[in-house]
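Colleague: I am new to this structure and would like a close look at one part of it, the way its helices and strands pack towards the end of the chain. Could you take me through that part step by step?

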Amino acid sequence: MNEFLKIFVPSIIVFVVTVLGAVIVFRMIEKKKVAEGTSKVKMAEREAEEIVEKARRQANDAIKAAEAEKKEKVILAKEEIQKEKAELDKEIKERRAEIQKQEKRIVQKEETLEKKIENLEKKEVQLVEKAKSLDDMQQELDKFKEKQIAELEKISEMSQEDAKNHLLGILKEELTHDQALMIKDIEGKAKEEATKKAKEIITYAVQKCAADHTSETTVSVVPLPSDDMKGRIIGREGRNIKMLETLTGIDLIIDDTPEAVILSGFDPIRREVARIALENLVTDGRIHPARIEEMVEKAKEELENIIKEEGETASLETGVIGLHPDVIKLIGKLKYRTSYGQNVLNHSIEVSQLAGIMAEELGFDSKLAKRAGLLHDIGKSIDHEMEGTHVEIGVDILKKFKENSAVINAVEAHHGDVDPLSMEAVLVQAADAISASRPGARRETLETYIKRLEKLEEIADSFDGVDKSFAIQAGREVRIIVKPENVDDDKMVLMARDIAKRIENEMDYPGQIKVNVVRETRAIEYAK
């Protein structure tokens with residue numbers, strides 16, 4: 001219908017326009033008729049009739065064309081509808097076939113499920129019957145068990161509780177034995193492997209970082225060009241020597257030693273100031289109180305520069321950069337500080353290098369290990385000026401200068417005051433022990449040495465079952481004789497471990513101490 005209207009309406013519009021044109025023309029002709037006469041009117045009428053007739057023919061042609069086009073489109077639309085209907089019917093048939101297949105499958109599954117449910121119900125009935133029979137059997141077994149227990153108690157003359165305790169005791173002994181064997185085996189393998197690896201790394205580090213050791217003393221010797229200089233140093237009524245001793249706090253020993261003066265004092269910095277001042281005075285030749293005072297002040301300034309240079313040299317030698325200038329000065333001061341006769345600056349440099357080498361071998365941060373190793377004893381530079389241990393003072397110094405927290409932990413943990421939080425801190429501990437325990441590195445006072453030996457024997461004797469204990473090899477080993485009737489082979493292993501742990505917790509010592517527990521059983525008979 002819409003297509004028909006689209007074609008028919010324009011034709012009607014054309015027809016109407018044509019008629020309107022004809023009417024207009026007709027009126028114009030009428031006007032002309034009045035003006036021109038009747039002849040022209042007739043002519044105009046004929047022309048108008050022709051125009052109207054032409055318009056009618058055109059309108060009829062347009063209507064016919066529109067109807068023909070309408071019929072054609074209607075036919076095409078019917079064909080399209082028939083085609084779509086056929087496709088829809090085909091799709092419906094296919095879907096119906098699929099649905100029928102699915103319905104068949106569902107029916108088959110339902111039948112299978114029903115069969116399974118029937119089988120399960122049968123099995124359930126069977127299980128219920130079996131459970132009943134098992135309950136009956138269990139009751140019979142319980143009765144039989146009670147009867148057997150009663151007979152066993154009667155035969156063994158022990159109650160069930162007593163027998164249980166007896167078995168638990170036997171089991172405990174077996175477990176203790178197995179535990180001791182397991183601990184011994186694991187410790188043996190672990191120690192063997194760890195010792196092998198540690199020896200390789202430590203040997204490599206020590207070889208790469210070989211250093212000479214010289215024991216520091218509490219005296220310095222100043223050579224003189226001649227013995228006549230001794231009198232000038234003493235001065236009139238001893239005023240020169242008194243002035244020098246007063247300004248430096250060091251004792252000057254002028255004795256029969258040819259061409260030499262001995263400076264004695266426990267403060268190495270003051271002793272160094274006195275040495276520099278005296279050498280300058282001897283070189284200058286003018287020795288009097290005013291000159292002595294001037295030379296002592298110059299010696300102090302010179303020593304400050306030396307301390308700074310020593311700190312910078314240590315920093316460059318170990319490759320530790322970015323240190324605060326005040327920290328570098330404190331490192332330089334360690335040159336004039338000793339520990340058991342070992343120079344602390346040389347010790348710190350050696351610890352830094354050892355820790356760095358071991359860290360590099362193990363794949364850890366060698367720069368961090370070197371830095372912590374160089375700074376680990378920095379508190380000793382001013383420990384005679386402040387209260388507290390050198391570890392506490394060192395930690396306070398590093399916190400003041402905002403040092404790395406990992407370095408601070410390594411410094412705080414190098415004597416076991418706190419737990420190390422990094423492997424670098426553990427390596428600093430090891431490097432410190434290696435440097436301190438190397439032959440000739442340190443010397444101990446007799447009193448400290450005896451106290452350590454007594455403490456070792458005291459710890460060992462405090463354990464039950466110990467008969468005698470001996471600290472041997474300069475305190476590197478403690479040999480413990482146990483009573484064989486009180487301590488068996490298994491407990492002996494555990495005792496050695498406990499004694500070693502207690503020594504670690506209660507004593508400070510360089511290197512390591514071997515705990516050797518000996519259990520001996522003797523059978524003695526006399527032939528008469």
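Modeller: A good place to begin is the pair formed by helix H11 (residues 390-400) and helix H12 (residues 405-413), which pack at an angle of about 170 degrees with their axes 9 Å apart. Since angles over 145 degrees count as roughly antiparallel, H11 and H12 are therefore roughly antiparallel to each other. On the H11 side the residues that meet the partner helix are Val 391, Val 395, Leu 398 and Lys 399, and on the H12 side they are Val 407, Ile 408, Val 411 and Glu 412. Sorted by class, this contact of H11 with H12 has six nonpolar residues, two charged residues and no polar ones.

Please keep in mind that this is a predicted model, in which the chain averages a pLDDT of 79 and 83% of the residues score at least 70. Over residues 210-216 pLDDT stays under 50, and for that stretch the model has 18 contacts beyond four places in sequence.

Going back along the chain, we come to helix H9 (residues 344-362), whose axis comes within 10 Å of the axis of helix H7 (residues 289-318), the two crossing at roughly 20 degrees. With an angle under 35 degrees as the cut-off, that makes H7 roughly parallel to H9. The crossing in which H7 passes H9 is right-handed, and the contact is made by Glu 310, Ala 314, Glu 317 and Thr 318 of H7 together with Leu 345, Ile 349, Ser 352 and Gln 353 of H9. By class, this contact of H7 with H9 has three nonpolar, three polar and two charged residues.

H9 also packs with helix H10 (residues 366-375), and here the axes come within 7 Å and cross at roughly 160 degrees, which makes H9 roughly antiparallel to H10. This crossing of H9 and H10 is right-handed too. From H9 the contact draws on Ser 348, Ile 349, Val 351, Ser 352, Ala 355, Gly 356, Ala 359 and Glu 360, while H10 supplies Ser 366, Ala 369, Lys 370, Gly 373 and Leu 374. Taken by class, the contact of H9 with H10 has six nonpolar, five polar and two charged residues. Ile 349 and Ser 352 of H9 are named both in the contact with H7 and in the contact with H10.

Further along the chain there is an open sheet of three strands, in the order E6-E7-E8 and with mixed pairing. Its edge strands are E6 (466-472) and E8 (514-519), each of which pairs on one side only, and neighbouring strands of the sheet are turned by 20 degrees against each other on average, direction ignored. The mixed pairing can be followed strand by strand: E6 and E7 run antiparallel and are joined by six bridges, whereas strand E7 (residues 477-482) and E8 run parallel and are joined by six bridges. Between E6 and E7, Ile 472 stands opposite Glu 477; in the pairing with E8, Val 478 has Val 515 as its bridge partner, and Val 482 has Arg 519. Helix H15 (residues 489-506) packs on this sheet, where H15 touches E6, E7 and E8, and its direction makes about 155 degrees with that of E8.

Definitions and conventions
Residues numbered from 1 in each chain as written. Predicted model: local features only at pLDDT ≥ 70, side-chain atom pairs only at ≥ 80, totals over all residues. Heavy atoms only, no water. Axes fitted to C-alpha atoms, helices over the stretch in contact; angles between N-to-C directions. Helix = DSSP H or I, 4+ residues; strand = E, 2+ residues; numbered from the N terminus. Parallel < 35°, antiparallel > 145°, perpendicular 65-115°, else oblique. Left-handed = near helix turned anticlockwise from the far one by under 90°. Contact = heavy atoms within 4.5 Å. Nonpolar A, V, L, I, M, F, W, Y, C, P; charged D, E, K, R; others polar. pLDDT = per-residue confidence, 0-100. Pairing = 2+ DSSP bridges.
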